[in-house]
Each structure stands twice: as structure tokens, then as C-alpha cells.
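User: Hi! Could you walk me through the strands and the packing in this one?
Analyst: Happy to, let's have a look.

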Amino acid sequence: MLTAFWHWKGYLSLSKVVPFSHYAGTLLLLLAGVACLRGIGRWTNPQYRQFITILEATHRNHSAENKRQLANYNFDFKSWPVDFHWEEPSSRKESRGGPSRQGVALLRPEPLHRGTADTLLNRVKKLPCQITSYLVAHTLGRRMLYPGSVYLLQKALMPVLLQGQARLVEECNGRRAKLLACDGNEIDTMFVDRRGTAEPQGQKLVICCEGNAGFYEVGCISTPLEAGYSVLGWNHPGFAGSTGVPFPQNEANAMDVVVQFAIHRLGFQPQDIIIYAWSIGGFTATWAAMSYPDISAVILDASFDDLVPLALKVMPDSWRGLVTRTVRQHLNLNNAEQLCRYQGPVLLIRRTKDEIITTTVPEDIMSNRGNDLLLKLLQYRYPRVMAEDGLRVVRQWLEASSQLEEASIYSRWEVEEDWCLSVLRSYQAEHGPDFPWSVGEDMDADGRQQLALFLAQKHLHNFEATHCTPLPAQNFQMPWHL
């Protein structure tokens with residue numbers, strides 16, 4: 001068609017083609033000359049020849065010494081050899097229950113219209129909406145949700161990322177590694193080992209899950225590092241050295257290979273692994289908690305319960321149906337649903353001046369979706385305690401925007417912590433640790449309110465800061481457990 005158009009315009013006549021071919025030939029010769037000069041320059045550079053020698057040696061032999069020497073060079077991560085493969089653990093090769101090449105298991109949303117017969121006519125009717133949702137999710141939606149995957153932003157941040165990476169390698173003895181996920185994406189990771197230090201917390205590994213514009217080079221990894229823990233950071237698919245695009249399935253696939261790498265290559269037991277997430281990283285953190293129930297603890301900083309309310313906040317009200325459908329089908333970050341599948345200790349950190357995960361204004365602390373994450377978790381684990389009376393008093397406590405207000409509400413209800421602990425320990429000894437618990441079933445309203453406040457305070461800590469303020473090391477505390 002293009003050839004016919006050019007012929008119709010007269011561009012394919014001999015008088016037009018000959019000069020054009022001269023220009024094109026000259027341009028090709030110039031490009032070939034530049035490529036030759038670059039090749040000669042590299043070949044005559046002893047440092048570059050040494051780098052190529054080390055790179056080729058590392059591809060042949062993944063020894064620690066070769067990796068150490070390769071880490072001294074900064075180059076395109078595509079050429080970095082794969083350090084860990086998702087099928088590497090022998091248990092996965094023998095089991096059929098692990099992830100396939102299509103990806104790990106995710107919780108699927110319920111149909112928007114339950115009870116509707118899935119006939120051919122209904123499928124045809126839904127097709128235009130499904131196509132629209134797909135296009136929105138794969139163009140505007142994904143880039144709005146994960147701006148860190150946008151090429152121009154990465155290009156602008158590259159000097160800062162390189163500085164951060166150099167600091168982790170040179171000052172913290174960080175070890176970079178490339179992991180191959182089950183979907184074929186290559187995941188860029190950085191591991192800092194503190195097990196040989198005098199600090200006892202160095203025996204614990206903190207796996208960090210960054211925000212939607214966060215990178216391990218400059219992200220939340222600094223908080224547990226400063227607190228003395230061993231740390232494993234990784235970049236979302238499509239961020240910096242990681243390949244792919246950050247859709248929920250790819251995110252979960254990446255998190256799966258990161259956890260497998262921590263267990264089978266780095267040598268940490270699940271009981272020694274803590275998952276720490278900031279903001280949108282709560283999705284992969286809660287997925288890991290759901291999928292690896294033996295991990296030690298989960299810490300969620302400035303995270304939310306569900307993406308739909310936050311997506312509706314930034315889009316026109318007339319788009320409500322399209323936004324809800326698009327999120328549920330393609331961008332379903334269902335953090336609360338996943339977190340409720342985890343039985344271990346959880347700590348939520350709420351930013352009292354958060355401007356990102358509030359659905360109204362930062363000053364309206366009750367619109368912070370971290371509140372909903374806490375309430376859904378407590379209502380699942382302690383449904384009798386979080387009945388009408390308990391729910392009401394916890395909501396009052398959540399309205400406190402300062403430590404003084406929080407303490408005032410807590411003391412007003414005269415919470416007896418020793419009594420609360422004895423009740424919970426007695427129930428655990430009799431019925432076991434698995435949630436949900438029926439504790440509070442035969443309790444009066446005052447007892448349920450005390451227990452509800454006690455549990456809320458143990459599961460959520462306030463941090464008086466905005467969404468992007470780095471969390472100080474002293475605020476990085478292990479979750480409460482009986």
C-alpha cells in the first residue's frame with residue numbers, strides 16, 4: 001500500500017530514486033565508519049579488553065571471584081549472566097504444584113455480575129468493554145500505576161541510580177544478581193549480607209518491595225540496612241535492569257523467584273525472612289506472605305487495602321465503571337485479600353500526612369486506605385472482637401492524627417494490657433494459633449472494646465510524615481506476636 005502511494009505521488013521515478021539512494025548510501029557508510037571506529041577504540045582499550053575477558057569468564061564459570069570482579073564494572077544489565085533460575089530448586093523440578101511458565105497462582109476477582117449465564121451472546125456484548133479495558137490498562141493505566149517503568153523517567157534518574165548502586169556495592173559490599181522468573185523476565189537484585197557481623201539482626205533477611213517509582217538503588221532498602229539487617233532488594237519488571245512490564249502477574253512471578261533465591265541460593269530459612277514493603281510494594285509483599293506462610297513477619301509501610309478506591313479518586317466520576325472493570329481485570333492489587341491468607345505477625349505503618357493513599361485530602365486521616373487494610377485484617381482474624389462495639393472504638397482511635405490524641409483515646413477506654421494478653425494467650429493455648437479466632441464470643445461490650453483497641457495498637461503504628469518521607473531506622477520495628 002505504501003509503495004502504491006509513493007508511485008501515485010511520483011516518488012518512485014528514476015530521477016527521484018537515484019539521488020535518494022546516494023543519500024542513503026552515504027548515511028550507511030557514515031554509520032558503518034562510526035561503528036568501526038568504536039570497535040577499534042574498544043579493542044585498543046586495555047580496560048575494555050579486560051572487562052570482556054572477565055564477562056566471558058563469568059558466563060562460563062559463575063564463581064564468586066568472577067562475580068566479584070564483574071561487579072567492578074558498570075554495563076548493560078542484559079549482558080549480565082543469569083545467576084538463578086526459577087526452576088533451579090530441586091523440589092520444583094519434582095513437584096507439579098509449583099509455578100508454570102504461565103505464572104504463579106493469583107487470587108482471581110469475583111465476576112462483576114454473579115449469576116449471569118455465560119452465553120455466547122453475553123460474551124459478544126461484553127467484548128467492546130473488555131477490549132477498551134485492555135487498551136486502557138496496557139497504555140495509560142499501567143504507566144499511571146507504575147511511572148517508574150516509563151523510559152524517560154528512568155533515563156532522567158539514571159545518574160542517581162548508578163550512584164546508589166555504586167554505594168551499595170562499595171560501601172555495603174552488596175552483591176548484584178540476575179534472576180530468571182518463570183515468565184522469562186530477568187529480575188535485577190542486590191543482596192547485602194550482614195550474617196558475619198556482630199549485630200544479631202544480621203541473621204534475619206529483609207526482602208524489600210519498592211513503590212511504583214522506587215528502585216532498590218535509592219528506595220526503602222536503606223531503612224533495614226541502617227537498622228543492621230541483611231537485605232535483599234529487587235526492581236519491579238520493567239524498572240532499571242529488570243525486564244518486562246509491571247502487571248500483577250509479572251510482579252508475583254518476580255516476587256516468587258526472589259523468595260526462592262533467598263531460600264535456595266542465599267541460604268535463609270523462611271522463618272528468618274521478613275517481607276518489608278512500601279506503598280504499592282504491598283501487593284508483592286502480601287502475595288509472598290500468602291504463598292510462603294512460614295515467613296517470619298510482614299511490615300507494610302504506607303500501603304493500602306485495594307486499588308479501586310484510589311484509582312477512582314484520580315479519574316473522572318463518569319469513568320467509574322470502566323475504571324473498576326479495568327482494575328479488576330488487569331491491575332487487581334488486592335492487598336487486603338492476600339494479607340488475610342497469612343497467619344503470621346503483621347505491622348502496618350500509617351503516614352499521618354499521606355497525600356497518595358488518601359481518597360480525599362491528606363488532612364482527612366480517615367480517608368487513608370491504610371485504615372481499611374487494618375480493619376479488614378482485624379475483622380478477619382478477630383471477627384467477634386471486631387463486631388459493632390469493637391469496630392466503633394477502633395474507628396475512633398484511627399481518627400487520632402498525633403501520638404497525644406492516640407494516647408488520650410487509648411487511656412479513655414482504660415485498656416488493661418495484661419488482661420488482654422492473658423485472654424489472648426488462654427485462647428491460643430486452648431484453640432491453637434490459626435485464624436480466624438472466636439475470642440470475645442462470650443465477652444461483654446467493654447471487654448471487646450478493650451481487646452479491639454489493644455489489637456489495633458499492636459498492629460498499626462503511626463508515623464507523622466508524608467508518603468515519600470524515608471522511614472527512619474528507629475521506626476523499623478518487628479511486628480507484635482503472642
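User: Which strand does β8 join through four bridges, running parallel, at residues 460–463?
Analyst: That is β9, and do bear in mind that this is a predicted model. Strands β8 and β9 run parallel and are joined by four bridges. In that pairing, L348 stands opposite L460 of β9.

User: And how many bridges join β7 to β8?
Analyst: Four, and these two strands run parallel as well; β7 covers residues 297–301. Here I299 faces L347 of β8.

User: Is β8 largely enclosed or not, and why?
Analyst: Largely enclosed by the rest of the structure, because six of its six residues, 346–351, are buried.

User: Which residues sit on each side of β8?
Analyst: V346, L348 and R350 lie on one side, with L347, I349 and R351 on the other. Every one of them is buried, so both faces are covered, arginines included.

User: Switching to the hydrophobic packing: how many residues are in the largest nonpolar core?
Analyst: It has 99 residues, and I207 and I275 have the most contacts inside it. Helix α9, residues 248–264, gives the most to this core, with nine residues.

User: Nice. What does I275 touch?
Analyst: Leaving out residues up to four places away in sequence, I275 touches I207, C209, M255, A285, A288, I295, A297, V298 and I299.

User: How many residues are in the other core?
Analyst: That one, lying apart from the largest core, has 26 residues, including V231, I274, A297 and I299. I299 is also the β7 residue opposite L347.

Definitions and conventions. Residues are numbered from 1 along each chain as its sequence is written. This is a predicted model: local features need pLDDT of at least 70, side-chain atom pairs count only at pLDDT 80 or more; totals for chains, interfaces and linings use all residues. Side-chain values use heavy atoms; hydrogens and water are left out. A nonpolar core is a set of buried Ala, Val, Leu, Ile, Met, Phe, Trp, Tyr and Cys residues joined through side-chain atoms within 4.5 Å. Buried means under 20% relative accessible area, exposed over 50%, partly exposed in between (1.4 Å probe, protein chains only). Contact means heavy atoms within 4.5 Å. Two strands pair if DSSP finds at least two bridges between them.
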